[in-house]
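Trainee: I am new to this structure and would like a close look at one part of it. Please take the packing of its helices, and set it in the context of the rest.

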Amino acid sequence: MSDTLAHSSQSPRPGIPPSRAEAVLDSLKHAILTGELTPGQALVEADLAERLHVSKTPVREALKALAASGLVTTSAYKGAVVREVDQAHARCVYDMRLLLEPAAAARSAAAGRVGQDAAEALDQADHAADTADRSLANRAFHRALYAGCGNPLLVKSLDDLRDQTALLSSAAWSRQPSWELEAAEHRAILEAAAARDADLVHDLTHRHISSFVSRNFPEDAA
C-alpha cells in the first residue's frame, strides 16, 4: 500500500473540515476505488492506523461503514477484506438497479426535479483525475437522476447500492474503458429529463444500465 493513502482524504461537506473518522473513511474508500487496496486484500486495523497516522478507533469505525456499504466484507476467520468483484455479485447489484432506478428517474423527470446537480456531476466525471473520482462523480450523477422521485424509501434503496456500484464501475473501467460511451448515454438521459419526457428517461436509463452490464459483465447480460 503506497503512501498516497494518507493524503487522499477530502471533506464530504464543502467548506467544513472532515472529522477524523470521515477523513479515514474517505481515504479508504478512495484507495479501494482506485485499486490501491485490491479486491480480497486484508484490511488490518493496526496497519491502516499507522499508515494514516491515526488511532485504531477511527479506522475501526471506517471499516464498519465500508462493510455496511458493501465495499468491505468481514468474517470471523479473515477479518475485514476488500470485497472481491464477481459476476454473481454484479448480477445482484445491477438487477436491483434495473428494477428500481429507471422508474425513480422517470418520476424525477416527470416532476421536473432533475436539475443542475446532474449536469455538474457529469462535468466532474468528464474531468476526473482518476477512476475513483470518476466513479464517485458517476455515482453522484445517477443519484441526481433518482433523488427527486418523491419516494424516500426508493431513494434509500438506491442509495444503499451506490458504493457497490462504484466499486463495480471502477473494476470494469480498469479492464475495458468505456466512459466516453457512458457519458454520451448520460447526456441523452439529461436531455430527455430537461424535456420532462418521463417515458424516454425510463427507457434510456434502463438501456444505459443494461448496456453497461452487457459490455462489462457479459455472462450476466441475459
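Mentor: What follows goes from the overall layout to two helix contacts, and then to the hairpin and a few single residues.

This is a predicted model, so every value below is computed from predicted atoms. The protein has 10 helices and two strands. Read from the N terminus, the order of elements is α-α-α-β-β-α-α-α-α-α-α-α. Of the 222 residues in the protein, 44% are buried. Among contacts with a separation of 6 or more, 71% are between residues 24 or more positions apart.

Start with helix H5, residues 116–126, and helix H6, residues 131–146. Their axes lie 8 Å apart, and the packing angle is about 165°. An angle over 145 degrees counts as roughly antiparallel, and H5 and H6 are therefore roughly antiparallel to each other. The crossing of H5 past H6 is left-handed. On the H5 side, the contact is made by Asp 117, Ala 118, Ala 121, Leu 122, Gln 124, Ala 125 and Asp 126. On the H6 side, these residues meet Arg 134, Ala 137, Asn 138, Ala 140, Phe 141 and Ala 144. By class, the residues of this contact are eight nonpolar, two polar and three charged.

The second contact is between helix H1, residues 20–34, and H3. The axes of H1 and H3 come within 8 Å and cross at roughly 55°. H1 and H3 are therefore oblique to each other. H1 passes H3 in a right-handed crossing. From H1, the contact takes in Arg 20, Ala 21, Val 24, Leu 25, Leu 28, Lys 29 and Ile 32. From H3, the contact takes in Pro 58, Val 59, Glu 61, Ala 62, Leu 63, Ala 65 and Leu 66. The contact of H1 with H3 counts 11 nonpolar residues, three charged and no polar ones.

Just before H3 there is a loop to look at. His 53 sits in the loop between helix H2 (45–52) and helix H3 (56–69). The phi angle of His 53 is near 60°, a positive value in a residue other than glycine. The relative accessible area of His 53 is 66%, and exposed means over 50%, so His 53 is exposed.

Next come the strands. S1 (residues 72–75) and S2 (residues 79–82) run antiparallel and are joined by four bridges. The hairpin from S1 to S2 passes through three residues. Ser 75 has Gly 79 in S2 as its bridge partner.

The last stop is a pair of arginines. Arg 107 belongs to helix H4, residues 87–110. With a relative accessible area of 46%, Arg 107 is partly exposed. Leaving aside residues up to four places away in sequence, Arg 107 touches Cys 149 and Asn 151. Arg 196 is in the loop between helix H9 (179–194) and helix H10 (198–216). Like His 53, Arg 196 is a residue other than glycine with a positive phi, here near 55°. Arg 107 and Arg 196 are 89 residues apart in sequence, and their C-alpha atoms are 9.4 Å apart in space.

Methods
Residues are numbered from 1 along each chain as its sequence is written. This is a predicted model: local features need pLDDT of at least 70, side-chain atom pairs count only at pLDDT 80 or more; totals for chains, interfaces and linings use all residues. Side-chain values use heavy atoms; hydrogens and water are left out. Axes are lines fitted to C-alpha atoms, for helices over the stretch in contact, and angles run from 0 to 180 degrees between N-to-C directions. Angles under 35 degrees count as roughly parallel, over 145 as roughly antiparallel, 65 to 115 as roughly perpendicular and the rest as oblique. A crossing is left-handed if the near helix is turned anticlockwise from the far one by less than a right angle, and right-handed if clockwise. Contact means heavy atoms within 4.5 Å. Ala, Val, Leu, Ile, Met, Phe, Trp, Tyr, Cys and Pro count as nonpolar, Asp, Glu, Lys and Arg as charged, and the others, Gly among them, as polar. Buried means under 20% relative accessible area, exposed over 50%, partly exposed in between (1.4 Å probe, protein chains only). Two strands pair if DSSP finds at least two bridges between them.
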